[in-house]
Amino acid sequence: MADQGRWFKLWASAPADDDLQRLSPAHRWAWAVFGLYTKVHGTRGCLVVSLDNAALAGQMGVTVGELFPVIHSFPHMHVEERLNPSRCLVVTWQNWHKYQEDTTM
């Protein structure tokens with residue numbers, strides 16, 4: 001089940017994050033889109049992504065062939081590749097709960 005949240009928090013410290021700054025501006029956008037996609041389709045910061053997901057690739061501004069290397073380059077997440085039965089990635093954002101969950105309730 002997805003988080004069903006209406007927003008993806010982008011902390012004000014993100015532009016100063018050294019690891020994010022190492023990404024090209026286009027890949028920083030892809031990172032932000034991937035966060036949104038995780039919010040909609042993932043559960044508590046964990047997401048299974050098919051490596052032939054053309055819709056996600058288009059939203060991120062990359063080709064399907066670039067999807068794996070771009071996601072794998074993102075900082076602050078663990079990426080595990082699964083080859084069987086279909087090629088997919090299991091991506092887990094580090095500290096998702098800390099940065100995305102509303103703990104004020």
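Mentor: Let's start with a definition: a residue is buried under 20% relative accessible area, exposed over 50%, and partly exposed in between. Keep in mind that this is a predicted model.

Trainee: Thanks! Is E81 buried, exposed or partly exposed?

Mentor: E81 has a relative accessible area of 36%. Buried needs a value under 20% and exposed one over 50%. E81 fits neither, so the class is partly exposed.

Trainee: With which residue does E81 form a salt bridge?

Mentor: The closest N and O atoms of the pair are 3.6 Å apart, and the cut-off is 4 Å. The partner is partly exposed, at 47% relative accessibility. E81 forms this salt bridge with R87.

Trainee: How many salt bridges does a search of the whole structure find?

Mentor: Besides E81 and R87, the side chains of R82 and E80 meet at 3.2 Å, N to O. Those of R22 and D19 meet at 2.5 Å; R22 is exposed at 63%, while D19 is partly exposed at 34%. The search of the whole structure gives a count of three.

Trainee: Now the rings: how is the aromatic pair of F34 and F74 classed?

Mentor: A pair of aromatic rings is described by the distance of the centres and the angle of the planes. For F34 and F74 the centres are 5.9 Å apart, with 45° between the planes. Stacked needs under 30 degrees and edge-to-face over 60, so this pair is tilted.

Trainee: How many residues apart in sequence are the parts that this pair ties together?

Mentor: F34 lies in helix 2, and F74 in the loop between helix 4 and strand 2. Both are buried, F34 at 0% and F74 at 3% relative accessibility. The parts tied together are apart in sequence by 40 residues.

Trainee: And how are the rings of F34 and W93 arranged?

Mentor: Their centres are 6.1 Å apart and their planes differ by 15°. The pair links distant parts of the chain, helix 2 and strand 3, 59 residues apart. W93 is buried at 8% relative accessibility. An angle under 30 degrees meets the cut-off, so the arrangement is stacked.

Trainee: Finally, how many disulfides does the structure hold?

Mentor: Partly exposed C46, at 31% relative accessibility, is in no disulfide. Its nearest cysteine sulfur is that of C88, a residue buried at 11%. The two sulfurs are 11 Å apart, too far for a bond. The number of disulfides in the structure is zero.

Notes
Residues numbered from 1 in each chain as written. Predicted model: local features only at pLDDT ≥ 70, side-chain atom pairs only at ≥ 80, totals over all residues. Heavy atoms only, no water. Disulfide = S-S within 2.5 Å. Buried < 20%, exposed > 50% of the residue type's maximum accessible area, 1.4 Å probe, protein only. Phe/Tyr/Trp six-rings, centres within 6.5 Å; stacked < 30°, edge-to-face > 60°. Helix = DSSP H or I, 4+ residues; strand = E, 2+ residues; numbered from the N terminus.
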